[in-house]
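Reader: Please take one part of this structure and go through it closely and in order. I am in my first year, so please explain each term when it comes up.

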Amino acid sequence: MSPFIVVSAAGSGRVHLIRTDDAGAPVPADVSEAAAPVGADPAITTVDAADLARTVAALESERPRWVWDDTSRWYPPLLAAGVRVERCVDLRLSHAILRHSTLTESSELAKSAPNAFTSVAQAGVPAPALPPSPSARQQHSTLFDLDVDLDPDDRADSLGTPPTGIDSRAASDDDRSATKAITPTPTPASSTPTPTPTTTTAGTPAPTTPPAPKPATAENPVLREFRRQREAIRTATDPSRIALLIAAESAGSLVAVEMQHAGIPWNADHHDRLLADLLGPRPVAPGIRPAHLEELLASIRTALDDPLANPDSPVELVKSLRRAGLDVTSTRSWELKSIVHPVIEPLLEYKKLSRLLTANGWNWVDTWVRDGRFHPNYIPGGVVTGRWASEGGGALQLPKQVRSAVIADPGWKLVVADAAQLEPRILAALAGDRAMAAAGRGRDLYDGIVASGAVDTRAHAKVGMLGAMYGGTTGESGRMLPRLARAYPAAVKFVEDAARAGEAGAVVTTRLGRTSPRPSDAWLDVQDAAGADGATDAARNRARSAARSWGRFTRNFVVQGTAAEWALCWISSVRRRLWHLTPPAPGTPLEQRPHLAFFLHDEVMVHTPAHLADAVAEELRSAALEAGRLIFGDAPVEFPVTVAIVGSYDQAK
DNA sequence: CTGCTCGGCGCG
DNA sequence: AAAGCGCGCCGAGCAG
């Protein structure tokens, strides 16, 4: 079996490498490595940080899993040195999952006091890397090469026995430590990468390994944490699920670093032309409005007969509008749209363009685009549900307005894939709802719901399903719910159960084992106050409102969180497939081969030489199939992806 | 001056 | 038509 190698900072610019078995027990290296053993312990070697990349590259042929505290700390320098690793274990991300998961709640790790690994959110992904296996079965057993059985045939419940995602125990101990992401390292294009792992990356937790001149492996805190995690997984309620989640989370952490490294191809000249077309030429100095905005401002002031009207200040603008006789309570676009008045058109246009200018204008390009690439900082596990967050440049909110500036290199293509109606499909699989699964088979899921007769239009099906998953009760979506409940009772019951759990203060757990945070002390206090003798109506209303709000959160957590797990498995598989699409090419940087360039919850973008675009498209589809089977086994729910091969991002869908 | 909340809006 | 989930970022405006 390929080894685990624990990577641990040793101080003084040195790094310890410790070989272990799958339980985290040190094992002697059977081949001598370039570095000398430390003391009498043959399992541990020490290298200079400056030699780490070379050492890792040499050892990579053994297909080890690199075990480190934080992929975002160790991997960037390796990539910068041209070294890509196949797979890893991100202990920080794994710890966050294992500490809170109901599947590992009896583990020593879950019961232990917070430690240096406790500080963060969640996320990460390992990197599988075998050549494509001939059979689906083999693919499953090798995808992540976990030490657990991932055979889909053993993953029982698919459809038929709905897995329990709901944990009905009431919340008890307080725990609000691990929800928010680490302080990320802002990475404007101008910043320089952290040169070596021994330099603590700014913003990341301090190195967890104290300088230990004569380290015994038993005392190594990174190794100790790894051992505890392996034990937690081994003794979990459903080891294969939590192990898959840990593997996917760690693989994701590799993808995140690789995508930041490669960047999104961004044509600054095109972006500038786009801005000039809409706003007018770039102002000569900051603080000056572009010409078109200035014109719109004049129109607004004329229409309001208010020469001082200021659309940049919501508070002032509401006053101006009300002075002009408009009955508004805010300046939200959707509220303004319902009003008939000459000021509305230029005002909405102003707001639209002003938003473009401030969010993705010339300053944005100057700050974030360097040498034709936008290098956002991705934060795996940055969202409580397991979704990624990002920091710097608003990478996950790129408006459609500017996507035409995302242009493939000459001779290259962008292959953009999107999982169609991912969340309702996830719900169908989670709930074992055969009718909903059937509605989505071979077609658009919402069309299938219409075809079943449950609702009359696709728009109704969509808004109804979104409402069911978000907890909407009013308007169109509220009206659709009874119809959906009649046609798809299992799916609706599933989300209702999740909501009831949250309202009662309980936690819920995703398919693979990510558990929702417990409600805050403040929330519990509000509930207690409402139950006390002599509680006022106001207190009871407040408690009911807070309970429902938390119920909407847990209702959505299970679906969004499981969708995030599907997406992690998808991109992990895509990563491995892309790597094997081209022959081994030692010394060829990652970004000169087909590579992931962007990931957005249920959508990915691959930047690839044009002649490989069709093959990439096929791998994206195959990977989606693989992700579904990994998580849901033989459940009859399909997870189709739409794939577009384009020259620029705006041409995709 | 910094640090914070808020309104508003971009994305899924 | 505009609400029900999850985010990040911007400018305005206020508190210190």
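Author: Helices and strands here are DSSP runs, numbered from the N terminus, with a helix (H or I) having at least four residues and a strand (E) at least two. The model is a predicted one, in which local features need pLDDT of at least 70 and side-chain atom pairs count only at pLDDT 80 or more, while totals for chains, interfaces and linings use all residues. Residues are numbered from 1 along each chain as its sequence is written, and chains are lettered from A and ligands numbered from 1 in the order in which they are written.

By this reckoning chain A has 22 helices and 17 strands. The part to look at closely is the region that a record marks out: the unreviewed UniProt entry annotates residues 399-612 as "domain: DNA-directed DNA polymerase family A palm" (positions are given in the numbering used here, feature names are shortened, and annotations may be inferred rather than shown by experiment). Over residues 399-612 the chain is 55% helix and 11% strand, with its end C-alpha atoms 28 Å apart.

An open sheet of four strands runs in the order β15-β16-β13-β17, with antiparallel pairing (two strands pair if DSSP finds at least two bridges between them). Because β15 (595-599) and β17 (641-646) stand at the edges and have a single partner strand each, one side of each is left without a neighbour in the sheet. On average, neighbouring strands of this sheet are turned by 20° against each other, direction ignored (axes are lines fitted to C-alpha atoms, for helices over the stretch in contact, and angles run from 0 to 180 degrees between N-to-C directions). Within the sheet, β13 (residues 412-419) and β16 (residues 603-609) run antiparallel and are joined by seven bridges, and valine 416 stands opposite methionine 605 in β16.

Across β15 and β16 lies helix α21 (residues 537-579), which runs at about 155° to β15. Following the chain from α21 towards β15, one meets a loop that holds glycine 587. Glycine 587 counts as exposed because it has 6 C-beta neighbours inside 10 Å (exposed is 12 or fewer other C-beta atoms within 10 Å of a residue's own, buried is 20 or more, partly exposed is in between, and C-beta atoms are placed from the backbone). Although 506 residues separate glycine 587 from alanine 81 in sequence, their C-alpha atoms are 9.8 Å apart in space.

Helix α21 also takes us to the DNA. Thirty-three residues surround DNA strand C, and Ser313, Ala389, Gly394, Tyr470 and Gly472 are the closest (a residue is near a strand if its C-beta atom, placed from the backbone, lies within 6 Å of it). With five residues, α21 gives the most to this surface, and the elements that each supply at least two residues include α10 (314-323), β12 (389-391), α17 (458-470) and α18 (475-487). By class, the surface near DNA strand C divides into ten nonpolar, 18 polar and five charged residues (Ala, Val, Leu, Ile, Met, Phe, Trp, Tyr, Cys and Pro count as nonpolar, Asp, Glu, Lys and Arg as charged, and the others, Gly among them, as polar).

DNA strand B has 16 residues around it, of which Ser330, Thr331, Ser333, Gln397 and Pro399 come nearest. The largest share of that surface, three residues, comes from helix α12 (residues 344-360), and its classes are four nonpolar, five polar and seven charged residues.

One more link leads away from α21 into another stretch of the chain. Leucine 244, in helix α7, is 325 residues from cysteine 569 along the chain, yet the two C-alpha atoms are separated by 8.6 Å. Leucine 244 is buried, having 27 other C-beta atoms within 10 Å. Helix α7 (239-262) is also among the elements against which the buried residues of α3 pack, together with β5 (65-68), β6 (88-90), α4 (108-111) and α6 (221-234). Ten of the ten residues of α3 (residues 91-100) are buried, so this helix is largely enclosed by the rest of the structure.

For chain A as a whole, 49% of the 653 residues count as buried. Of the contacts with a separation of 6 or more, 71% come from residues 24 or more positions apart (two residues are in contact if their C-beta atoms, placed from the backbone, lie within 7 Å).
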